[in-house]
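Good morning, everyone. Please have a look at the model on the screen while I take you through it, beginning with the whole chain and then turning to some local detail.

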Amino acid sequence: MAASLEAPIAARTTLKIGALLMRLAVLVLGLLLTLVTGAASLAPIPPSNRAALIHERLTEANLNRDHVMVVAHRAGWKKDGVVVRAENSFVAIDHAVSTGVEMVELDVRRSKDGTLVIMHDETLDRTTSCQGKVVEFTLAELRTCRLLVEGDRRPTDEHVFTLEEAMLHARGRILINIDNKLEPEALVEVADLARSLGMSDGVLLKMAVWNAERLQLARDIRRAIGAEFAFMPILADDAVTEPAFIDRTQSALGAPAAELVHWYRDSSEPITSDGGPLLSPLARAAAVRNNTHLWINTYPITDRPEGMVAGGRGDYLALSTGRPEDVWGFFIERGVTIIQTDEPEAVIAWLDAQGLRRSYELTN
């Protein structure tokens with residue numbers, strides 16, 4: 001009889017001790033949380049969603065002209081003119097985030113079975129371990145193609161990935177500047193994908209506009225993708241020279257930015273002295289009137305004159321002469337507040353030294 005009572009008593013005693021220990025653990029945990037919270041309140045609190053803060057600066061140009069935004073071309077694959085990372089790679093995206101870049105440019109194509117994938121060239125030859133056209137490979141086949149570091153063709157651990165995977169990798173950390181290598185209407189599909197992932201404010205969509213007919217197409221696509229998306233025109237000065245057209249385009253599209261191309265196709269010509277018609281005082285006035293950023297590209301194009309899309313004032317000139325003010329500074333003086341570059345680290349370091357960057361951690 002005594003033995004049968006001992007077991008329940010021992011069980012009840014064990015339960016009481018366990019309950020006491022649990023309450024003691026909760027008390028200690030609460031104490032620790034109080035101490036941690038008190039300490040953390042004394043330090044700067046990093047933004048919980050940096051991409052949302054970047055999107056805010058992108059869409060409020062007139063409130064942020066004291067901060068020059070930086071876009072990493074092909075996600076940031078070079079340093080001092082040398083390819084150091086696979087272009088359009090997760091490693092490049094991660095590096096861009098760590099250096100403070102606002103946007104990574106990613107190139108979008110389609111697989112044989114219709115999936116949107118990330119790839120710059122029409123073929124896989126230059127940047128992967130495979131050979132042939134992207135559109136001739138299924139997604140499963142593309143996943144066998146390893147990304148290479150161009151130059152020494154060093155293989156990486158990454159394979160060709162989808163736009164969806166890229167969006168998920170970047171989500172909340174950095175914006176994606178979509179360089180659409182497909183028909184303009186594919187931007188609607190890109191927008192639908194972003195919306196399904198809760199990333200309407202995580203991408204920037206764009207298309208080239210050069211006349212009234214093209215502007216109407218851009219307006220139709222803009223309407224189809226939805227006003228919540230950032231959408232901008234690409235304007236090149238071989239076709240667009242009138243500030244009135246720039247004004248009309250920015251206004252019609254509700255564009256937060258205008259990507260400008262100042263052609264320099266002949267290396268024997270002198271580099272631009274004024275920035276061309278797209279960076280005229282009237283064009284700057286149109287940007288202010290429409291609350292729009294002016295965007296310039298200083299990266300080189302393979303086998304073309306240095307600075308071909310920037311009036312000859314490209315990244316190489318800034319680095320080789322040690323006078324970045326003749327390149328990045330030149331455009332900033334003419335109203336540019338977004339620079340797309342192959343040298344994001346160098347650009348950010350120079351901008352910081354000039355007091356032309358504001359920390360996102362200080363944003364309310």
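I will go from the overall fold to one helix and then to one loop residue.

Let me say at the outset that what we are looking at is a predicted model. The secondary structure of the protein chain amounts to 12 helices and 13 strands, and of its 364 residues, 49% count as buried. As for the surface, the chain exposes about 17100 Å², of which carbon and sulfur atoms supply 59%. If we take the contacts between residues at least 6 apart in sequence, 69% of them join residues that are at least 24 apart.

Now to the helix. How many of the 10 residues of H2 are buried? In this helix, which runs over residues 50–59, the count is 7, so that H2 is mostly covered, with buried meaning under 20% relative accessible area. The buried residues of H2 include the aliphatic positions Leu-53, Ile-54 and Leu-58, and Arg-50, Ala-51, His-55 and Arg-57 are buried as well.

Finally, the loop. Val-84 sits between strand S3, residues 82–83, and helix H3, residues 90–99. Is Val-84 buried or partly exposed? Its relative accessible area is 31%, and therefore Val-84 is classed as partly exposed, a class that lies between the under 20% of buried residues and the over 50% of exposed ones. Leaving aside residues up to four places away in sequence, Val-84 touches Trp-77, Lys-78, Lys-79, Val-149 and Arg-154. Of these, Arg-154 is 70 residues away from Val-84 along the chain, and the C-alpha atoms of the two are separated by 9.9 Å.

Terms used: Residues numbered from 1 in each chain as written. Predicted model: local features only at pLDDT ≥ 70, side-chain atom pairs only at ≥ 80, totals over all residues. Heavy atoms only, no water. Helix = DSSP H or I, 4+ residues; strand = E, 2+ residues; numbered from the N terminus. Buried < 20%, exposed > 50% of the residue type's maximum accessible area, 1.4 Å probe, protein only. Contact = heavy atoms within 4.5 Å. Areas by Shrake-Rupley, 256 points an atom, 1.4 Å probe, with all protein chains shown as cover.
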